[in-house]
Amino acid sequence: MAALSRVRHMKSKYCIFQAIFTSSKWRCQFATEAARKIDLPSDLKDDAQEGLPDDKPEKGYPAVKPWMPPGSWGEMTRQQAWFWHRGEINHMGRITHVKEKIKFLTDKQMVAWKFPPINIQPNVLNYQLEVTNTILASKDDKYLKPEIYQNVDIKTDYEELKKLCIEAIEIEHALHRDKLKYLAAAKDGRAKSWHALLRGRLLTQTILNAIMSGASRNHEHLQSCSVDKEVTVAACFQRNGVKRPWVPVSRRSPDLSKELYLQNNAMFQGKHVVDFQVRTFLPLPQFISPDHEMCMQADKCVPQYNPKVLGQFRELTQLEITSGFNLGSPNEFTHTSVVCEQLGRLRLVSGEEHWEQSHAGYGLVTNFLSCVAQAHVQGFNMFQDLVYPFTAQTIHTDGRTFRFSMFQLNSLKLWKDPKASPVSNVAWISPADNLYEGLTDDRVIGFNDEVFQRLCQCLLLKPSSRDGIKLNPNVKYKAGTPKILKSVKKVEIEEEVVYDR
Amino acid sequence: MTRLGFLERIPLWQRTIPKYPLHFKGDPQLRVYLPLFWMKMVQPANKFPKNIVLFKVHPQMSKLDIAQYLEKIYETPVANVRTEIREQQIMAPWWNRSKKQWVGRKVVTRIPEKYAYVTLAKDEFVYPTPKKTEKSSDSERYKKYMKIREGHYKELNEALSVPAWFRR
């Protein structure tokens, strides 16, 4: 009975409440009070709203996400573009240390196309130029080197350096007289390639020591540079125009959509060992302005063929990026790389034309991998593009034959198609030429001054900082400062002993 | 049972070539023999450069055999040869149980096929694409089919001398 009475009491209260709420008078009053709390547009406001303060912010809908992220994306779909944009801002933008940036990029195994510098397949130079997005600066088969080399001062020390170089060659041959025949026969390919390689390395080492020690008096960068032997350089990059390998649905990550697996860019991994590497505190100067027309020809460098058709391989590898030194070293920029492999056996088996292409491509890819690795050490990567161009030079020699190649890297966003990123890289490759013809009676004959001048220009090219541009804007750490060791020791005489005789 | 026995089931182009003896300098000249080598030009699925041609070859042919086959028989200089073995998956026959393998719900057997990517030294070759014939419309094809069918029935009826009442 008590419960029933309570229900009746509740019902009656509800009925009263319902009656009040549904009455038109109450509704109007409620509506006006509610409307006072909402900031209505001016055309819908009543006269009662005029007394409200105007400093309240207008409420509206949240900002609509644009269809494509800022920047040019070419033929990419919306999801692919936002994926790359998010990688740049959310992931790479928050990492400030170089080691962590490199770990983020390489802490995974991927199916990547192998991109070694030594490639013995025929007609490989065009493929290497397309994959590295490079324009070869040559005209009518003539070698054109960058104009910056004309400003290198070699006249003051030229005669002295020439004398030192000739002496070094003669001493080296005198010490290993029994094995001279192997070096002379290296061009024919009859010598064992490994033996010729060892001899070439020794001869190159003596020539470089002679020139660098002789010229360091007047060139500061040679006093504080680092020279290392047998340096491993590795770099990985994604290139547009090559389809990714098919991944079955069962092995795909649930976080990534189907479109990301069907992108028109694939991973390439290059790794090799450089015989000698000279590193300096500052980078090499740029060879050509990034606004030059040669640097905006990416539409001519699109890969035309699948790498498998041209004899290339892909494999599941751990990605790797190393520039050849420990992080924290003061000398972070590669000045010159020297490689001694001459591919003599390939020349004998396949002929001159095939050898010429592979030999030229060796220097090109060495430079490219060196530039990409240097850029990663400075905090740049495929998400955060370069702010200034990176340059590299390679001397390809066996002690007698020299080939010089230069490279300028203008952009790391190789995964973008030419419509989105028309920036291309530039390379200069010289023909192979002899420094000297031979030796008779332990004396050098046929010394080529032109080749020696180019060699000196390469080694004596002064590195410089970029005008007003910070070298590592994406990174917050400082490398050590280079130390110049003084060769003269001060001897202080504390006490002089005089003996009685 | 013939002399070859079970080998007769395998076609000539699929039979394995027996090992021939090595020839050393000074030995008597071996007789000329005709090995079961064959090469078949195949249309590539991807875009190829003009100086690279794709062949399907006998699985026992080496790179040197392929180069010499083209140079001596067809007089085309060869710069480079690369070979690749692809496995063709087909439904396993009931009499070949040892080579069966379950792939999903299917029972398959794998037949290895050898492909050769030949880089020509001087010549260029582009695989010709056949001309596409214009397809007739569906109604015209139906009429053609019915005519042929009528012709077959007419011949059959005349051959069996079927009375007119029973003819179609």
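In the predicted model, 21 aromatic pairs are counted over all chains. One of these pairs joins A:Phe115 and A:Phe268, whose ring centres lie 6.0 Å apart with the planes at 85°, so the arrangement is edge-to-face; the cut-off for this class is an angle over 60 degrees. A:Phe115 belongs to the loop between β1 and α5 of chain A and A:Phe268 to strand β6 (residues 265–280) of chain A, so the contact ties together parts that are 153 residues apart in sequence. Both A:Phe115 and A:Phe268 are buried. The two rings also take part in a cluster, in which ring pairs link A:Phe115, A:Tyr127, A:Phe237, A:Phe268, A:Phe368 and A:Phe407.

Charged side chains provide a further set of contacts, with 15 salt bridges found over all chains in a search of the whole structure. Side chains of opposite charge can pair when their charged atoms come close. A:Glu160 and A:Arg217 form one such salt bridge, with an N to O distance of 3.2 Å. This pair links distant parts of the chain, 57 residues apart: A:Glu160 is located in helix α6 (residues 158–175) of chain A, and A:Arg217 in the loop between α8 (193–215) and α9 (220–223) of chain A. A:Glu160 counts as partly exposed because its relative accessibility is 38%, whereas A:Arg217, with a relative accessible area of 56%, is exposed.

A salt bridge is also formed by A:Asp228 and A:Arg279, whose closest N and O atoms are 2.4 Å apart. Here the connection runs between two strands, A:Asp228 being in β5 (residues 226–240) of chain A and A:Arg279 in β6 of chain A, and the partners are 51 residues apart. The relative accessibility of A:Asp228 is 26%, so this residue counts as partly exposed. A:Arg279 has a relative accessibility of 4% and therefore counts as buried, the limit for this class being under 20%.

Strand β6 of chain A contributes to another salt bridge through A:Lys271, which ties it to A:Glu320 in the loop between β7 and β8 (333–339) of chain A; the pair therefore brings together parts that are 49 residues apart in sequence. The closest N and O atoms of A:Lys271 and A:Glu320 are 3.2 Å apart. A:Lys271 is partly exposed, with a relative accessible area of 45%, and A:Glu320 is likewise partly exposed, at 27%. In addition, salt bridges that share partners join A:Arg201, A:Glu230 and A:Asp275 into one network.

The burial pattern of helix α4 (residues 98–106) of chain A was examined next. The buried residues in this helix are A:Val98, A:Lys101, A:Ile102, A:Leu105 and A:Thr106. Seen down the axis of α4(A), these residues fall within an arc of 115°, so they line one face of the helix. An α-helix has 3.6 residues a turn, so residues three or four places apart point the same way. The cover over the buried residues of α4(A) includes β7 (314–318) and α12 (352–377) of chain A. On the other side of α4(A), A:Lys99 and A:Lys103 are exposed.

Backbone geometry was considered at two positions in loops. Most residues other than glycine have a negative phi, and most peptide bonds are trans. A:Asn123, although not a glycine, has a positive phi near 55°. A:Asn123 is placed in the loop between β1 (109–114) and α5 (125–131) of chain A, and it counts as partly exposed because its relative accessibility is 42%. A positive phi of about 55° is also found at A:Asp441, which is not a glycine. A:Asp441 is situated in the loop between β13 (438–440) and β14 (443–445) of chain A. With a relative accessibility of 74%, A:Asp441 counts as exposed.

In chain B, a nonpolar surface patch of about 230 Å² is made by B:Met41, B:Phe125 and B:Tyr127. Of these residues, B:Phe125 is found in the loop between β5 (106–120) and α2 (138–160) of chain B. The relative accessibility of B:Phe125 is 32%, so it counts as partly exposed.

Conventions
Residues numbered from 1 in each chain as written. Chains lettered and ligands numbered in written order. Predicted model: local features only at pLDDT ≥ 70, side-chain atom pairs only at ≥ 80, totals over all residues. Heavy atoms only, no water. Patch = residues over 30% accessible without salt bridge, like charges linked within 9 Å, V, L, I, M, F, W, Y side chains within 5 Å. Areas by Shrake-Rupley, 256 points an atom, 1.4 Å probe, with all protein chains shown as cover. Salt bridge = Lys/Arg side-chain N within 4 Å of Asp/Glu carboxyl O. Helix = DSSP H or I, 4+ residues; strand = E, 2+ residues; numbered from the N terminus. Buried < 20%, exposed > 50% of the residue type's maximum accessible area, 1.4 Å probe, protein only. Arc of directions from axis to C-beta. Contact = heavy atoms within 4.5 Å. Phe/Tyr/Trp six-rings, centres within 6.5 Å; stacked < 30°, edge-to-face > 60°.
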